[in-house]
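Colleague: I have a structure open on my screen and would like to learn how to read it. Could you walk me through it, one feature at a time?

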There are 2 protein chains.
Amino acid sequence: MLEPHSQFGSLAIGWGTDENAVIEILGHRNAKQRIEIADAYKRLYDESLIARLQSELSGDFEKAVILWTLDPAERDAKLANEALKSVKGDKHLWPIIEITCASSPDHLINVRKAYCSLYKYSLEEDIDLHLAQHHSLRQLLVRLVSSYRYNGEDVDDALAKSEAAKLHDDIRNNQLHDDEVIRILGTRSKSHLKATFEHYKQDYGKTIDEDIEGNKSNDELIMSLLKVAVLCLDSPAKHFAEVVRSSIVGFGTDEGSLTRAIVTRAEVDMKKIKEEYKKYGVSINDDISGDTSGDYKNFLLTLVGWAIP
Amino acid sequence: MLEPHSQFGSLAIGWGTDENAVIEILGHRNAKQRIEIADAYKRLYDESLIARLQSELSGDFEKAVILWTLDPAERDAKLANEALKSVKGDKHLWPIIEITCASSPDHLINVRKAYCSLYKYSLEEDIDLHLAQHHSLRQLLVRLVSSYRYNGEDVDDALAKSEAAKLHDDIRNNQLHDDEVIRILGTRSKSHLKATFEHYKQDYGKTIDEDIEGNKSNDELIMSLLKVAVLCLDSPAKHFAEVVRSSIVGFGTDEGSLTRAIVTRAEVDMKKIKEEYKKYGVSINDDISGDTSGDYKNFLLTLVGWAIP
């Protein structure tokens, strides 16, 4: 039984914030429990927990706690909206690829519902609006966002093999924005796509993402997003390990990407991400500890501690 | 409190079927109650109510009772699947247009979920499969099926006016399968589209469906389906009054269309359909009575008696 009124009393009555309590309490509650805490907080103090956290916390720590406390569908709707408003390069659209390709079909539907409630436009309307100048990118993203994939294990292996051949033809002929590429990646089930990518590797000697990367297409944006889509569909843990690693290596830290990867995956596949991360010769905990500090660091390490496979 | 065991005892123990009891009981229960009856029947007799109805009833009466007894999302998934398997002309695809344009966004999502459960492929995968030869039709249907429209009342009136102009340009230039037509009809909210169609009429003197019909495009299939889509988005009751009327007038009766229109709309907007029907100078009850007979007639008239606006 949660007791939000004793847990959050100090937040509500303005004695200053106990950041450790925020980390300890929220950082160890699953999505359903966090929503219950936020509901109870609202009932007891007649104010939104999110608004209170916003006024009491600051910086990267604040952003991470807020993202973590939001309902996951609402959180992803906000991430998608921010992504569309700040398109500066391929990485800014990654959140949309992640939501469409590394989430369950039901979660994606919930994100679309939350998006309509928050913004009074559908996510696909906003893609059309913000990417009006980029026809094939729009086509790709709208189809990914609109998918409701069959979520079972049944796979027609001959079909997977023939679609691997189609993908191979289009990639070799620099037809990355061909309707068939978008159709296959945008509608097929994840089980089917895993089988397709496996056939691709067996039949053509390279993985599909290697071939996409080696493609001579002029459209680098489509190329890089397709590669991320394939990775998110096939092996989300690999993708998110890469997001965390690249947010840390090099000059400075990309806190936005780091926070997003840890917060959105803590309850999904963090254990797998930690396994993947070992290939960099360092643990994800050590990398985070070395590049962040204070409450932000403690909060991320708490979330990384989630042991969900 | 429903008592399925006394109500359906005669069905279960094989003393022959009391068709009047089927009509009286099922015909007066809403979707939630019918699902409860089917669940209770399954528990009590260890067999599916649908299977029993299939073995006890026959002909058009059987088809109508089965469609009515199915969960509405599952029913529409089956109608969409039949439509795709039997494409012979524009009318065969009407069920898909109706499900995508004359249903609520949430119902459409439930139909897609039911489709995946029943057929182990998504509805959009099956559209791609069955309409592989018809590129623009596929594009249109996949976008309609994949929509999750904002369901509120907020409308940007200037945007609606400018999109009316875009639609007008494309229709006048025989560009019915232009991306913009599909984008506007496939993503905008119904409130926005009603405003758009109203601007169309005010600014260009004719309604959009009149203009679509007068279009010189060679693609009659796209033309007729777009017209149905516009009607279903703008005024579903008009469309379904027309479906009922045209299933009755002329030689013979199109029982498939008649049953579909009555069964799928009885709980949605039957009162409005009856109002619309008056324009034909006859009541919907009289038309149905004149063209059908027996249990089938009695069942349809019971459903038409639903007084939902």
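Modeller: Gladly! Let's begin with a single residue: A:Asp211 sits in helix H15 of chain A, which spans residues 208-213. Keep in mind as we go that this is a predicted model.

Colleague: Is A:Asp211 buried or exposed?

Modeller: The cut-off to remember is that a residue under 20% relative accessible area is called buried. A:Asp211 has 7%, so it counts as buried. As for its surroundings, leaving out residues up to four places away in sequence, A:Asp211 touches A:His168, A:Ile171, A:Arg172, A:Tyr200 and A:Lys206.

Colleague: Could we try the same reading in chain B? Where is B:Ile23 found?

Modeller: B:Ile23 lies in helix H3 of chain B, residues 19-26. With a relative accessible area of 3%, B:Ile23 is buried. Again setting aside residues up to four places away, the residues it touches include B:His28, B:Phe61, B:Asp295 and B:Phe299. You can also ask about distance: B:Ile23 and B:Arg112 are 89 residues apart in sequence, and their C-alpha atoms are 29 Å apart in space.

Colleague: Now a whole helix, please. How many residues of helix H6 of chain A are buried?

Modeller: A general idea helps here. An α-helix has 3.6 residues a turn, so residues three or four places apart point the same way. In H6 of chain A, residues 59-69, eight of the 11 residues are buried, so this helix is largely enclosed by the rest of the structure. Among the buried ones are A:Phe61, A:Val65, A:Leu67 and A:Trp68.

Colleague: What do the buried residues of H6 in chain A pack against?

Modeller: Their packing partners, also in chain A, are helices H3 (19-26), H4 (31-45), H5 (49-56), H7 (72-85), H18 (255-265) and H21 (294-304).

Colleague: Let me step back to chain A as a whole. How many helices and strands does it have?

Modeller: The secondary structure of chain A comes to 21 helices and zero strands. For the overall form, compare the radius of gyration with what a compact globule would give: for 309 residues that is near 19 Å, and the 21 Å of chain A agrees. Along the principal axes, the C-alpha atoms of chain A fill a box of roughly 65 × 45 × 40 Å. In chain A, 53% of the 309 residues count as buried.

Colleague: What about contacts and surface in chain A?

Modeller: Among contacts in chain A with a separation of 6 or more, 70% are between residues 24 or more positions apart. The exposed area of chain A is about 13,200 Å², and carbon and sulfur atoms supply 48% of it. As for charge, chain A has 39 positive and 52 negative charges, and their mean positions are 1 Å apart.

Colleague: That leads me to charge pairs. How many salt bridges does the structure hold?

Modeller: There are 46 over all chains. To read one, look for a side-chain nitrogen of Lys or Arg within 4 Å of a carboxyl oxygen of Asp or Glu. A:Arg112 and A:Glu124 make such a pair, with their closest N and O atoms 2.8 Å apart. This pair links distant parts of the chain, from A:Arg112 in helix H9 (residues 105-119) to A:Glu124 in helix H10 (residues 123-130), 12 residues apart. Both A:Arg112 and A:Glu124 are buried.

Colleague: Which residue forms a salt bridge with A:Glu125?

Modeller: B:Arg188 does, with the closest N and O atoms 2.6 Å apart. This pair crosses between chains, from the loop between helices H13 and H14 of chain B to helix H10 of chain A. B:Arg188 is buried at 7% relative accessibility, and A:Glu125 is buried at 5%. Salt bridges that share partners join these two into one network with A:Asp128, A:Arg138, B:Arg143, B:Glu163, B:Lys166, B:Glu180 and B:Arg183.

Colleague: One last feature: how should I read backbone angles?

Modeller: Most residues other than glycine have a negative phi. A:Lys120 has a positive phi, near 60°. A:Lys120 is in the loop between H9 and H10 of chain A, and is partly exposed at 39% relative accessible area. In chain B, phi of B:Asn174 is also positive, near 55°. B:Asn174 is in the loop between helix H12 (157-172) and H13, and counts as partly exposed at 31%.

How values were computed. Residues numbered from 1 in each chain as written. Chains lettered and ligands numbered in written order. Predicted model: local features only at pLDDT ≥ 70, side-chain atom pairs only at ≥ 80, totals over all residues. Heavy atoms only, no water. Helix = DSSP H or I, 4+ residues; strand = E, 2+ residues; numbered from the N terminus. Buried < 20%, exposed > 50% of the residue type's maximum accessible area, 1.4 Å probe, protein only. Rg over C-alpha atoms; globule rule 2.2 N^0.38 Å. Contact = heavy atoms within 4.5 Å. Areas by Shrake-Rupley, 256 points an atom, 1.4 Å probe, with all protein chains shown as cover. Lys, Arg positive; Asp, Glu negative; His and termini not counted. Charge placed at Lys NZ, Arg CZ, Asp CG, Glu CD.
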